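Student: Please take one part of this model and go through it closely. I would like to look at the sheet and what lies around it.

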Amino acid sequence: MGLKQILVNQVRKPNGKLGRLIVSGMNKGHAKLAKWGISHFSIEPNYYILDIGCGGGGNIKYFAKTVTDGKIFGIDYSETAVDISMKVNKKYIEIGTVEIYQGSVSSLPFKDNYFNLVTGFETSYFWPDLIKDLQEIYRILRPNGHLILTNEGYICNNEKKRRTAENWSKLGHFPIHTPNEYREFLKEAGYSNIQIFENYEKGWITVIGMKKH
Ligand SMILES: C[S@@+](CC[C@H](N)C(=O)[O-])C[C@H]1O[C@@H](n2cnc3c(N)ncnc32)[C@H](O)[C@@H]1O
């Protein structure tokens, strides 16, 4: 198996020693992307937030610094990712601000209408059934709650970035989408007030949807 294939398998589901290195690396490597994604939204100090596919937990830590009266949850189906996320957020877990679980986006262990905000950074490519998984997220969002998905690979107008995304998508057998496809997926899953932001230069996309009140 080639190096790129190993890498794409690891980012899909980090595992073992290499997986530990990769999730820690992603905390640094994806920080700017996540910051850009979140910059389109205003987070209140009392928010209940869930980060799905939390990887190494870097974004949970970022939220935990902002949210003083709310709570941050993380979930990832990779045991390795959950382990690193818990280490990275040890301080916040001890004071009760953060909780991290192993589990899948397809069956979230949370009650209905619970979260103000659900985020997913660089993870929705790998979800088994995007529409159903978006509906499962919708279930746990409060009325007026928001979903933010931020990805660095999509079918964009920047040809160079698009070709890179297409190559990874072929190698990893995961789909990439146009902005309009994202809009339609969110609509089909029930979301309203859908907003799409693109960073042409970087080839990044942020998709925001709201649960109707
Ligand atoms: C490319 S990494 C991104 C990690 C982190 N969000 C970041 O930006 O650094 C993708 C993560 O999504 C997780 N993931 C993929 N499919 C998932 C699923 N169906 N349910 C939960 N987590 C999933 C993987 O285990 C991995 O940690």
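Tutor: What follows starts with the sheet and moves outward from there. Keep in mind that this is a predicted model.

Start with the strand order. Seven strands make an open sheet, and they run β3-β2-β1-β4-β5-β7-β6. The pairing is mixed. Now look at the two ends of that order. β3 (98-102) and β6 (192-199) are the edge strands. Each has a single partner strand, so one side of each has no neighbour in the sheet. On average, neighbouring strands are turned by 15° against each other, direction ignored.

Go to the β3 edge. Strand β2 (residues 71-76) is joined to β3 by five bridges, and the two run parallel. Pick out Ile-75: its bridge partner in β3 is Tyr-101. A helix covers this part. Helix α5 (residues 79-88) packs on the sheet and touches β2 and β3. The direction of α5 makes about 165° with that of β3.

Now cross to the other edge. There, helix α9 (residues 179-188) lies across β6 and β7 (204-210). Helix α9 runs at about 155° to β6.

Next, the nonpolar core. The largest one holds 54 residues. Ile-49, Ile-72, Val-118 and Leu-147 touch the most other members. Helix α7 (residues 130-140) gives this core its largest share, five residues. Take Ile-72 as a sample. Leaving aside neighbours within four places in sequence, Ile-72 contacts Ile-49, Ile-60, Phe-63, Ala-64, Val-67, Thr-97 and Val-98.

Two asparagines deserve a stop. Most residues other than glycine have a negative phi. Asn-144, in strand β5 (residues 141-151), has a positive phi, near 75°. Asn-144 has 11 other C-beta atoms within 10 Å, so it counts as exposed; the cut-off is 12 or fewer. Asn-113 sits in the loop between β3 and β4 (115-121). Phi of Asn-113 is positive too, near 55°. With 12 other C-beta atoms within 10 Å, Asn-113 is exposed.

Compare Ala-31, in helix α3 (residues 31-38). Ala-31 has 14 other C-beta atoms within 10 Å, so it is partly exposed. Ala-31 and Gly-58 are 27 residues apart in sequence, yet 7.5 Å apart in space, C-alpha to C-alpha.

Finish at the ligand. There are 22 residues around it, and Met-26, Gly-53, Gly-55, Ser-78 and Phe-121 come nearest. By type, the shell divides into 13 nonpolar, six polar and three charged residues.

Key
Residues numbered from 1 in each chain as written. Predicted model: local features only at pLDDT ≥ 70, side-chain atom pairs only at ≥ 80, totals over all residues. Near = placed C-beta within 6 Å. Nonpolar A, V, L, I, M, F, W, Y, C, P; charged D, E, K, R; others polar. Core = buried A, V, L, I, M, F, W, Y, C linked by C-beta atoms within 7 Å. Buried ≥ 20, exposed ≤ 12 C-beta atoms within 10 Å, placed from the backbone. Helix = DSSP H or I, 4+ residues; strand = E, 2+ residues; numbered from the N terminus. Contact = placed C-beta atoms within 7 Å. Pairing = 2+ DSSP bridges. Axes fitted to C-alpha atoms, helices over the stretch in contact; angles between N-to-C directions.
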